[in-house]
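Me: I should like to learn how salt bridges and a chain interface are read from a structural model. Could we work through one case together?

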Amino acid sequence: MGKRLFLLIVCLFGAFLEGVLTSIPILLCLLTVISIHEKSNKIFVLAFVSGVLLDVLRVDPVGLRSIFYTIFLFLIFLYERKFEIDSLPFVFFSSVIGSAAYLFIFHHNMVFLSLLFSGGFSVILFFVARIFQKKSLTTDFTLLH
Amino acid sequence: MRHRERFFISFFLFLFLSIGIFFVGKTSGEGGFFGVIESLVLPIQKGVFSVFSLPFFSNKTEQKLQTENASLHKKIVDQKNLEKENMALNDQFQTSYPKSQNLLPAHIVGMPNFIPNVSVPGLFIIDRGEKDTIKVGQAVVFLDNVIGKVTKVSKNLSVVTLITQGSSSFTASTEIGILGIVKGKGEAMLGLENVQASQVLTVGDTVTTKGDIDENGIGYPPNLVVGKITSIDKTQSNLFQSARVLPILDFSKLEMVFVMTQYE
């Protein structure tokens, strides 16, 4: 429960950053890494709530980004049956492709730089998530002994 | 298998929920429930913008000089217009422009750009909306300088597309009355295009709006400062020439703008 609340807060913070300060699809990168890392259906809740918030902040039709994120995460989960998604290349390319579609639909500028940054940002988030996962596994192992 | 079933149930549930919210928002307008959400997040939005816009990096002296520079440019244009008009009529009808009673102050609560405070923004999000009688198409100004136009409105917020955006286009004229079309070129630059090749443009000339107010009183009013000509592109074989125009104000440093709610 604490972890889910933390992820929700992180997604909402990402929505505020993207809604107020930057045109880089930060929320999309966050949702991509969380979905690959957690592999839980609860990601759709995060996508829905943070998508609605971002639509409100950007004065866009509410629900539009939620639809986009839901479909995008669905496509990621479809790939899970066929490919190893918990890997660096998949994180990078899925972020870049997802960001390209996002920037095309929501009409942002500086597309090429935004794509590169999205891919890089997702890779960094992926590594950070891995480090936290290893630390929590080490802590659990220590507690068991 | 159960995990897969739950996955599809979750996906379709949230997809239809999102589509439902989208259509509810479209049919019933952006007020009501979403207006309440806007009211709740507006203070957080303002707080995030004020914290992360790094005010301690802003150069107050530079901002003051820019403001003074902008007002001086408008004074130069006003002075030249006055020389052309009848002095007796100007003494009788001279007023400040635009009229303050037609301006609605609005704080900028969002300025999404690639790198905050570094790259040039393409739009502002302001804390005025339908409840403040803001409408799509209204001009947004700051110190007699045109900033942009309102392009999206919700109950509490509005989006202002800047004149430097590629989608922006309006008629303008120089100090000596040469007409052209100003188009946004991105990266804080404008282009003055469709100027007849026989006309003489000069680097340093101030460009002002020609005016495109419609029957509802919405649009860019005339004689608002757009910027200064920085370079001219003229070739012998072309019927038209163009010029680069640099806005006098640095839009990324603005914290407040004014919406022209009506034109008189």
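Me: How many salt bridges does the rule find across the interface of chain A and chain B?

Reply: Side chains of opposite charge can pair when their charged atoms come close. In this predicted model, the rule finds one salt bridge across the interface of chain A and chain B. The side chains that meet there belong to A:Asp60 and B:Lys152, at 2.3 Å from N to O.

Me: Which elements give two or more residues to the side of chain A that touches chain B?

Reply: These are α1, α3 (43–57), α4 (64–80) and α6 (111–144) of chain A. The element that gives the most is α4(A), with seven residues. By residue class, the side of chain A that touches chain B holds 23 nonpolar, nine polar and five charged residues.

Me: What area is buried between chain A and chain B?

Reply: The figure is about 3,400 Å², and carbon and sulfur atoms give 76% of it. A:Val20, A:Leu21 and A:Val59 supply 19% of the area that chain A buries against chain B, more than any other three residues. The contact takes 37 residues from chain A and 41 residues from chain B. In addition, seven residue pairs are found in polar contact across the interface.

Me: How many salt bridges are there over all chains?

Reply: The count comes to eleven. One of them joins A:Asp55 to A:Arg65, with the closest N and O atoms 3.0 Å apart. This pair links distant parts of the chain, since A:Asp55 lies in helix α3 and A:Arg65 in helix α4 of chain A, ten residues apart.

Me: Are A:Asp55 and A:Arg65 buried or exposed?

Reply: The cut-off for buried is under 20% relative accessible area. A:Asp55 counts as buried because its relative accessibility is 0%, and A:Arg65 is likewise buried, at 1%.

Me: What is the accessibility of the partners B:Lys185 and B:Glu193?

Reply: The side chains of B:Lys185 and B:Glu193 meet in a salt bridge at 2.5 Å, N to O. B:Lys185 is partly exposed, with a relative accessible area of 40%, whereas B:Glu193 is buried, at 16%.

Me: Which residues do B:Lys253 and its salt-bridge partner comprise, and which residues are joined into one network?

Reply: B:Lys253 meets B:Asp250 in a salt bridge at 3.5 Å, N to O. B:Lys253 is partly exposed, at 32%, and B:Asp250 is partly exposed, at 25%. Salt bridges that share partners join A:Asp55, A:Asp60, A:Arg65 and B:Lys152 into one network.

Terms used:
Residues numbered from 1 in each chain as written. Chains lettered and ligands numbered in written order. Predicted model: local features only at pLDDT ≥ 70, side-chain atom pairs only at ≥ 80, totals over all residues. Heavy atoms only, no water. Contact = heavy atoms within 4.5 Å. Buried area = accessible area lost by both parts, 1.4 Å probe. Salt bridge = Lys/Arg side-chain N within 4 Å of Asp/Glu carboxyl O. Polar contact = N/O pair within 3.5 Å; in protein donor to acceptor, adjacent residues only side chain to side chain. Helix = DSSP H or I, 4+ residues; strand = E, 2+ residues; numbered from the N terminus. Nonpolar A, V, L, I, M, F, W, Y, C, P; charged D, E, K, R; others polar. Buried < 20%, exposed > 50% of the residue type's maximum accessible area, 1.4 Å probe, protein only.
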